[in-house]
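Student: Got a minute to walk me through this one? I'd like to start with the ring pairs and then move on.

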Amino acid sequence: MAMPETERVRTGISGLDGILSGGIPRGNVTLIEGEIGTGKTTMGVEFVYRGAKEFGEPGVIVVFEVSPDKLVRVAAGLGWDLAELERRQQLKIIFTTREVFGQELRQPDSLLIDEANKIGAKRIFIDGVAGLLPQGAGQDSREAFQILVQGLQRENLTAVMALEAVALNGGGSVSLHEESIADTVIRLRVEDIQRAAVRSIEIVKSRGHNYQMGRHTFRIVDGQGIEVYRRVQAPRPQSRDRAAAFDPATRVSTGVPGLDELVNGGFFLGSTTVLAGISGVGKSVMGLHYIAEGARRGEHSLFLSLDEQVPQLMRNAASIGIDLQPAIDRGVVRLYYDAPQEIEVDHHFHKIERIVEEFKPKRVVIDSLSTYGSSLGTQGRVFRDFFHALVALMKEHQVAAVYNHENPEMLGMSSMMGEFAMSSLVDNILLMNFIELGDTFRLGLTVAKMRSNPVERITHECQVVDGEGMRVLPRTLPGAVRSTAFSGYYGLISRAPERRPPNPALPPEEEE
C-alpha cells in the first residue's frame, strides 16, 4: 500500500510555494540563512503572517533585538497588519532574551509554549538563533541546536528560524551541523552583478519532497512583501515542455498589404517569426501593422517593447494611420514597456508569463531580441535559456509571436541573426534590408525561412508611406513609375546588386 503524501504547509509567499512544489512538509524545521540585509526576517515574519491571515493557522513570532512595536511598524509598510491579528488572537509576538528562550524550550511547563497553545499556534518564527547556541562548531553547539529543534517538534509547530550565516564562524558559511539537523534549508543572498544588486534564493535541501533546485531571484515589494521569481532555466509544466505549433490550417494575417501572399496566407498559430534587419528598415512598422490587424479582427494582441515607451509607440502608430487607442479601450490590444537597464531576467519573464496567462493574446510582437542580447549578453546561457523559455511559453498558449531583431549589417547580409545563434528555434525568418540602387536606398524584404511551408526566396520591394504604413510592391511596377522593378536586378541582398541585361521579350513598361 502506498504511503500517504506528507501534508504540505503553504508559505503563502508569492512564488515560493511554486519552487517548493506546493510548500513545506508539516512539522519540518526550516533554516533561513544569509548575511545581514538579505531578507531573512522579512521572509520569516511573512511565513507566520500568511499562515494566520490566509490559511487560518495562528502563529508565534519570537524576536530578541527588534521590539514588537518596531516590528509591527515595519510590517505595516509591507501591507501586513500584525496588530490586528494579535487583537484577534491569531498572532503572538514574544520579545525576550535568548537565554530565557533557551530555558523555556527545555521546560515541560514552559510559559512560551503555554502562550502558543492559547492561540492554537501552528507556526513559529524565531528571528536569530545563532545566539542561542554555544560559540564554535563543537559537540555542545550541535546538541544545543538538536534540543532546540526537538522542543519545537514536540509541540507540533512548523518552525522557521533565521540564522545569520557569518555569525557562526566569522565570515564563512553556516556550520554544517545546523544544516544537517534542519529539515529545510533556504539560503538568501544579495549578489553583485555588474554594479547592480540582485536578491537570490536557493533551496539547499528540503526533506520529504521535491523542489526546484538552483538560484532563483526575489524582491521585497512595498505594500505586498516578498515575490519569488523562478529561474528562467527551471523546468516548467509538461504542457509547456511538450507544446508545439500543431494547427496546420489556421493562419494569422500579417496585416501588411501584399505580405500575406508571400507567407502562404499568414503565420501558423504557435509559430515563432523573426523580422531581421538594420535599424530603420520598418520592423516596428510591420509589428504595428500586425497588432492593428489583430485589433481589426477582434483578436487579443500584445506588443512588448524594450526599446520605446508606450506613448512613443502610440505616436509611431498614428504616423502611419493606425489609431490603437479605441482597441486599447476595448481591451483587445495591450502595449507593455519594460526598461532594459539592469533587467532581472527571472522577474521580467515572470511578468511576461502573467500577462500572457491573463490577457490570452493570439498574436504578440516583441521588440526586440537585440535589446535582450545587449542586456543579457549573447555568449552565455542566460539569453539562450531565456529565449527557449519565451518560445515555449508562446507555443503553450498557441500565440503567433513575432520578434524584431536588429541585424547590424547595413548593405547586404552575411548571416541572418548574427551572433544570436538561435535560428534553429525560429520557424520563420523575414530579412529586411536597405538596397542601394543608383543614389537611392530602397527597402527590400526576403522570406528566408518558413518551416513546413513552401518558400520562394525572392527579394521584394517594400514601401512605407506617411499616413498609410507599409506595403509590399508588386514585382512588376506600373509604367508610370520611373524606377526599375527589383525583378530587373541580380544580388539584391548582396553588397553589389547588378542590373539584368535587357530582355527584348519583355514589354517596354518593364524596362527603365
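**Rings, then the sheet**

Tutor: Sure, and keep in mind that this is a predicted model. Let's begin with F434: its relative accessibility is 19%, so F434 counts as buried, the cut-off being under 20%.

Student: And F441, what's its relative accessible area?

Tutor: F441 comes out at 38%, which is partly exposed. F434 and F441 form a stacked aromatic pair, with 5.6 Å centre to centre and 25 degrees between the planes.

Student: How many aromatic pairs does the whole structure have?

Tutor: There are 8. One of them is F349 with F386, an edge-to-face pair at 6.2 Å centre to centre and 80 degrees between the planes. F349 is in helix α14 and F386 is in helix α16, so the pair ties together parts 37 residues apart in sequence.

Student: Are those two buried or exposed?

Tutor: F349 is buried at 0% relative accessibility, and F386 is buried too, at 1%. Ring pairs also bring in Y372, making a cluster of F349, Y372 and F386.

Student: OK, switching to the sheet. What's the strand order?

Tutor: It's an open sheet of 9 strands with mixed pairing, running β5-β4-β6-β7-β3-β8-β9-β10-β11. β5 and β11 each have a single partner strand, so one side of each has no neighbour in the sheet.

Student: How do β8 and β9 run, and how many bridges join them?

Tutor: They run antiparallel, joined by 10 bridges.

Student: Last one: which ring does the charged end of R123 sit over?

Tutor: That's the ring of F47, with the charged end 4.5 Å from its centre.

Technical notes: Residues numbered from 1 in each chain as written. Predicted model: local features only at pLDDT ≥ 70, side-chain atom pairs only at ≥ 80, totals over all residues. Heavy atoms only, no water. Pairing = 2+ DSSP bridges. Helix = DSSP H or I, 4+ residues; strand = E, 2+ residues; numbered from the N terminus. Phe/Tyr/Trp six-rings, centres within 6.5 Å; stacked < 30°, edge-to-face > 60°. Buried < 20%, exposed > 50% of the residue type's maximum accessible area, 1.4 Å probe, protein only. Lys NZ or Arg CZ within 6 Å of the ring centre and 35° of its normal.
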